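Welcome to a short set of exercises with worked solutions. Keep the structure open beside you and try each task before reading on.

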Amino acid sequence: MSETVGEPTASAPAGAGPLLKVRGLKVHFPIVKGVFVDRVVGHVRAVDGVDLDVARGSTYGLVGESGCGKSTLGRAVLRLVEPTAGTVEFDGVDVASLKGEALRRERRRMQMVFQDPMSSLDPRQSVESVLLEPLAAHGVTPEGGKDAHVRRLLDVVGLPGSAAGRYPHEFSGGQRQRIGIARAIALNPDLVIADEPVSALDVSVQAQVVNLLEDLQEQLGLTYVVIAHDLAVVRHVSDTIGVMYLGMLVEEAPSDDLYATPRHPYTISLMSAIPIPDPDVEDRRERILLAGDLPSPANPPSGCRFHTRCPFRQETRCDDEVPALRTLAPGHRVACHWAEEVADGRITPAASAFDATAVPTET
Amino acid sequence: MGTGTSEELDLGQAPGRPGRTAYDGPLLAVDDLSVTFTRRGRRDVRAVDGVSFAIRPGETVGLVGESGSGKSVTALAVMGLLPGRGVRVGGSVRLEGEELLGASDDRLRDLRGREMAMVFQDPMTSLNPVVSIGVQVTEVLRRHRDMTREQASVEAASLLRRVGIPDPVRRLKDYPHQLSGGMRQRALIASALACRPRLLICDEPTTALDVTIQAQILDLLRQLVRESGTALLMITHDLGVVAGLCDTVHVMYSGRVVESAPRRPLFGSPRHPYTGGLLASIPRLDAPRGAPLHPIQGSPNDTIPWETGCAFAPRCDHRVDACTTSAPALEVRGHASVRCWNPLPPPGRTAAAQEEDA
């Protein structure tokens, strides 16, 4: 995708640019073969040219199915994986080109919350030690001493002060995720990237963590990038949502617009596939079923990457021309050649999109 | 929905099955089922505690609950798949009037696969990784329908095609790891449907799958129930799935059913505070944005034993004194059966009006 088309339009406060500015970001993982000498036989294009802006104090939601590259994108922003190409500008500094000490210092301002609170906490490390480690790593002495700092953090995330001396196994999943969040905010960061922050939790507990994330944003003025497959959760917390498919952003819009008027066929299908806990709505709605599975990111389809599963696919352009991310409405960018026609109802989904037993065409 | 090739999905009853007499009760009747795990030196764990429900042919019944609520153990008990040692099963499970608890292993093996089949959550762990898909689907056909190898593989290919797997003849030779998650789940459903069972139990069949694949599988199940009159027991934690699929829903908490209702009353006016809490705590795609979520406090581990009160009481907003002193019984209130001392008011009535009644 060319970097000149489609200006990202996340609304930034006047005078200050976006906190995070990603341009042309690519992450390709080499596929190596060979016993003694590694030969690169191909690349998995996990992220393949993404442009996005995240405004200060806002929440950017990234959604997509497993394997679409959303987690890799989040990690590349923090340089937990090395980007293959592109720039990641964090508050005016290009993180992708930083090295050594400068990168380490910049990392203090960007933190991550992981999906599985059991495997992201060291089982042999007490909560106190978990929360003090970031301070030690960055040589920060907290105001009022370490104990007070730990207690303040625990209080902010809604855990009792007595939790400090305990170990991760003594907590429930929701409480562990609170510890993970406390660790992420220990250094008072500007940007927090949350990768599936609630999907490992019980339904009744998810809302607690979602509310906590929202409260913290209000109190601490955090900027979030929330990565999740659950569009309902993402829509609830995000100001802007980016929908990813096979390493590319296919649609980006303010979250109310995205729900009211999804423009990309993939978003339309994704929306119609999400079950809504209301029998009346479920009975009325028309589901558009996507045939088959996500194609391999090592060998993505030509043209529009969605054309192999797209219910709105046309004879021309879809197979051989990569669609640009075009701005169709303020803040609403869509990568589809036929977005206007789909929106006007001039193109309707194929009949097979309504049949669960339809056999997808082999690629 | 279901246009085009719907007539192709011929998964109807096997015609002229011998020995079937007229029977007009429910297909599956579970009565006061309890499952206790015992271990020497440990306190007994009562995973399922007096669960009763029934399913009629062509009906879809949902069992909803969080992890540890006993919904999967209920399914395993119905299928007779619980281990023989360290487990005490009480109550009764009747399939077309025939008692399954205490039935011989031979009899259960005859019934499993032919009359009742189960689809598990994770298709990667429930398919044998070193046996090809073809063998795993055909073994059911050869065991129960006495088919020859050739007949069975023709039938298996057509089964795979019916559940939407492309190029089924080639897929029969594939091993589970060569299939994607959605395809594996389809293969598992195909083998569960191989003998046209009258009862299909699905334990979180779509939890491990992406939403677009989930929609495909749920539509397949819907079509199956509609066209072949299979009775479906759907076990899930996802209320959205239940809303679109189930006729009757049983909400479980800590081993007991706390609310049973047809789906419309259940979602329209939940009576048990736990059901109400679950519905209030999930963000809805179609709800106006910015409305705060109302989570249930605490975690599913914060329970008290049912003997001493209501297990949900420690987390409940509607707790009254009785909740921590005696266990409520499942009582019929309007359209629903509710196990609660202080249920949520029915729609259109305030809590105050209800107190006047009491």
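Of the 363 residues of chain A, 55% count as buried. Please keep in mind that this is a predicted model.

**Exercise 1. Work out how compact chain A is for its 363 residues.**

Solution.
Step 1: Take stock of the secondary structure. Chain A has 11 helices and 12 strands.
Step 2: Compare the radius of gyration with the rule. The value for chain A is 22 Å, close to the 21 Å that the globule rule gives for 363 residues, so the chain is as compact as a globular protein of that length.
Step 3: Look at the extent. The C-alpha trace of chain A spans about 65 × 55 × 50 Å along its principal axes.
Step 4: Check which residues touch. Among the contacts in chain A with a separation of 6 or more, 64% are between residues 24 or more positions apart.
Step 5: Turn to the surface. Chain A has an accessible surface of about 15100 Å², and 49% of this belongs to carbon and sulfur atoms.

**Exercise 2. Decide whether Val37(A) is buried or exposed, and find the surface patch it helps to make.**

Solution.
Step 1: Locate the residue. Val37(A) sits in the loop between β1 (20-33) and β2 (39-54) of chain A.
Step 2: Apply the cut-off. A residue is exposed when its relative accessible area is over 50%. Val37(A) has 61% relative accessibility, so it counts as exposed.
Step 3: Find its partners. Together with Val35(A) and Phe36(A), Val37(A) makes a nonpolar surface patch of about 430 Å².

**Exercise 3. Find the buried residues of helix α3 (residues 127-138) of chain A and say what covers them.**

Solution.
Step 1: List the buried residues. In α3 of chain A they include Val127(A), Val130(A), Leu131(A), Leu132(A), Pro134(A) and Leu135(A).
Step 2: Recall some helix geometry. An α-helix has 3.6 residues a turn, so residues three or four places apart point the same way.
Step 3: Look for the cover. Among the elements over the buried residues of α3(A) are α4 (145-156) and α5 of chain A.
Step 4: See what follows the helix. After α3(A) comes Gly139(A), with a positive phi near 65°.

**Exercise 4. Describe the surroundings of Arg176(A).**

Solution.
Step 1: Place Arg176(A) in helix α5 (residues 173-185) of chain A.
Step 2: Use the cut-off for buried, which is under 20% relative accessible area. Arg176(A) has 14%, so it is buried.
Step 3: Leave aside neighbours within four places in sequence. Arg176(A) is then in contact with Pro117(A), Met118(A), Leu121(A), Pro168(A), His169(A) and Phe171(A).

**Exercise 5. Compare the settings of Leu246(A) and Asp167(B), both with phi near 50°.**

Solution.
Step 1: Note the angle. For Leu246(A), phi is a positive value in a residue other than glycine, and this also holds for Asp167(B).
Step 2: Find the loops. Leu246(A) is between β9 (240-245) and β10 (248-254) of chain A, while Asp167(B) is between α5 (149-162) and α6 (168-171) of chain B.
Step 3: Read the accessibility. Leu246(A) is buried at 1% relative accessible area, whereas Asp167(B) is partly exposed at 35%.

**Exercise 6. Describe the interface of chain A and chain B.**

Solution.
Step 1: Count the residues. 51 residues of chain A are in contact with 60 residues of chain B.
Step 2: Consider the area. About 4600 Å² is buried between the two chains, with 55% given by carbon and sulfur atoms.
Step 3: Look for salt bridges. The rule finds 4 across this interface. Asp283(A) and Arg263(B) meet through their side chains in a salt bridge (2.7 Å, N to O).

How values were computed
Residues are numbered from 1 along each chain as its sequence is written. Chains are lettered from A and ligands numbered from 1 in the order in which they are written. This is a predicted model: local features need pLDDT of at least 70, side-chain atom pairs count only at pLDDT 80 or more; totals for chains, interfaces and linings use all residues. Side-chain values use heavy atoms; hydrogens and water are left out. Patches are made of residues with over 30% relative accessible area and no salt bridge: like charges are joined within 9 Å, nonpolar side chains (Val, Leu, Ile, Met, Phe, Trp, Tyr) within 5 Å. Accessible areas come from the Shrake-Rupley method with a 1.4 Å probe; for residues, only the protein chains shown count as cover. Helices (H or I, at least four residues) and strands (E, at least two) are DSSP runs, numbered from the N terminus. Buried means under 20% relative accessible area, exposed over 50%, partly exposed in between (1.4 Å probe, protein chains only). The radius of gyration is taken over C-alpha atoms; the globule rule is 2.2 Å times the number of residues to the power 0.38. Contact means heavy atoms within 4.5 Å. Buried area is the accessible area (1.4 Å probe) that two parts lose on being put together, summed over both.
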